[in-house]
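User: I've got a model open and a few labels I'd like to see justified. Can you walk me through them?

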Amino acid sequence: HPPGDWAMFVFGLLGSIPLIAFITRVLFDSDSAMLVASIEYVRHQDWRFLIHTQQNYLPHVVMGPILAIGGIPSVKLFTILTLQSLAGVVSLITWKVTRSGLAALASVAALLSFGGIVERTAFLPMYPMMLALGYAGTFLAYRAIVSESRRRTVFAAFAGLSLALSPEAQPVGQIFILLPALLVLGTGFRRALPALIRVYLSLVVFLLPRVIINLSEGGLSHVLSYRVDFWITKGYLIEIQKDFFRYPLRLSYPDYFLQFLTHAPRITGWLGLVVVLLAVLGLLMAPANFRRFGAVAGAYFLAPFLLARGPFFPRYFSPLLVGVALAAGMAIAGLVGGRWRLRRVAGGLVAVLCIFAIVNLSRTLSEVQRRQATVLNGPYRELASRITDGKGVIGARSLYLLFVDPEVRTYGGEFLSEREYVTYLTWPSDEAVIRV
């Protein structure tokens with residue numbers, strides 16, 4: 001008797017259970033600290049900050065209460081659970097497409113072989129939830145297309161909900177909004193059209209709160225980025241990225257593509273490069289309809305970042321990495337369906353993927369523990385303990401105090417206007433800075 005859908009989702013959860021070891025007591029990156037500062041500001045100071053900045057609201061709705069009740073360890077645990085949920089989604093999708101438990105295991109192991117995926121357990125921005133919702137939404141759209149029952153409307157509704165929530169977890173999730181449309185490459189236009197109409201109608205309904213918020217203040221001028229720091233709203237972002245951070249945006253397209261090839265091992269990790277090769281094999285072995293969809297979807301995931309000449313941060317390429325893990329599972333399914341010798345090869349490849357996952361988990365865990373020790377042995381706990389009057393701390397690096405204590409009221413660039421920032425930097429008098 002074949003396992004049910006929920007059983008295969010749980011299978012992915014259990015396969016990623018070692019991630020629980022990644023819980024830490026502190027933060028150690030500025031993005032996580034900025035998210036905590038924003039959550040605390042909205043909770044204690046002004047909820048209209050969400051409307052003014054057009055920030056994604058899911059971290060505030062979900063992480064806010066968790067942070068208030070259990071502090072940093074609890075919200076770190078939640079982050080780990082979202083990555084486990086992503087593993088569950090990958091397992092479920094692979095199983096539904098291939099009907100192979102071995103292929104599902106291979107996809108989960110391939111996912112955990114990417115350093116850029118596993119390292120997200122250490123950081124609070126909700127990339128894992130964004131990926132889980134985006135892929136779940138696309139898969140539900142596929143079910144709405146191929147289902148012959150009345151459940152197709154239910155599948156379409158939940159697909160729209162998942163696709164709407166994905167960018168509310170992390171803005172990179174906007175890339176999933178058009179992904180279901182590519183399903184016509186695998187299912188045929190006539191078959192897909194009625195279901196896709198339902199999916200996108202439900203998506204429009206669930207996007208209405210975001211549209212209303214954006215139109216109420218600021219319009220659509222910052223759909224792709226928050227209206228937070230003054231240097232973004234004043235148009236300084238591109239200048240800072242090019243001249244200060246020296247991001248590859250400054251490069252010509254030919255130089256950028258060469259740099260992209262050079263940075264490929266950084267994006268995937270050296271072990272991940274092997275997974276990419278296995279994924280290519282999976283696409284070549286897949287039926288023509290899956291091959292068309294997979295190839296075009298991969299190009300679709302890459303195109304926005306290559307055309308924008310974005311920085312080579314693995315998290316920006318994480319939607320593609322999840323797709324690569326799914327394609328690796330397709331390769332195993334193709335081998336399992338072949339002759340006995342190929343089945344033995346499939347078993348050997350799955351064993352290799354599991355070893356890759358264990359090695360990557362071990363390396364990443366060592367790095368996470370090292371970074372936690374650096375924070376615990378550094379000056380932040382002592383500095384935070386000296387703030388006993390309940391007043392705020394201003395400064396570009398004040399967020400670092402949140403590494404150890406999320407209750408410290410910090411005021412960095414995301415809360416200061418340009419005039420306030422100039423006052424802080426020039427420090428005309430103690431009284432002027434205190435007023436800020």
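User: What makes the crossing of helix 4 and helix 16 left-handed or right-handed?
Analyst: The crossing of helix 4 and helix 16 is right-handed. The term is left-handed if the near helix is turned anticlockwise from the far one by less than a right angle, and right-handed if clockwise. The axes of helix 4 (residues 58-98) and helix 16 (residues 318-336) cross at roughly 40° and come within 10 Å. Axes here are lines fitted to C-alpha atoms, for helices over the stretch in contact, with angles from 0 to 180 degrees between N-to-C directions. Helices themselves are DSSP runs (H or I, at least four residues), numbered from the N terminus.

User: Which residues make that contact?
Analyst: Helix 4 brings Leu86, Val90, Ile93, Thr94, Val97 and Thr98, and helix 16 brings Val322, Leu326, Gly329, Met330 and Ala333. Contact means heavy atoms within 4.5 Å. By class, that's 8 nonpolar, 3 polar and no charged residues. Ala, Val, Leu, Ile, Met, Phe, Trp, Tyr, Cys and Pro count as nonpolar, Asp, Glu, Lys and Arg as charged, and the others, Gly among them, as polar.

Bear in mind that this is a predicted model, where local features need pLDDT of at least 70, side-chain atom pairs count only at pLDDT 80 or more, and totals for chains, interfaces and linings use all residues. Residues are numbered from 1 along each chain as its sequence is written, and side-chain values use heavy atoms, with hydrogens and water left out.

User: Why is Thr79 called buried or exposed?
Analyst: Thr79 has 2% relative accessibility, so it counts as buried. The cut-offs are under 20% relative accessible area for buried, over 50% for exposed, and partly exposed in between (1.4 Å probe, protein chains only). Thr79 is in helix 4, and it touches Met63, Arg120, Thr121, Phe123 and Leu124, leaving aside residues up to four places away in sequence.

User: And why does Trp427 get its accessibility label?
Analyst: Trp427 is at 42% relative accessibility, so it counts as partly exposed. Trp427 sits in the loop between helix 19 (418-426) and helix 20 (430-435). Its phi is positive, about 50°, although Trp427 is not a glycine.

User: How do you know what span to expect for helix 15?
Analyst: The expected span is 1.5 Å times one less than the number of residues. Helix 15 (residues 288-307) has 20 residues and reaches 28 Å from first C-alpha to last, close to the 28 Å expected. Just after helix 15, Arg309 takes a positive phi of about 50°.

Conventions:
Helices (H or I, at least four residues) and strands (E, at least two) are DSSP runs, numbered from the N terminus.
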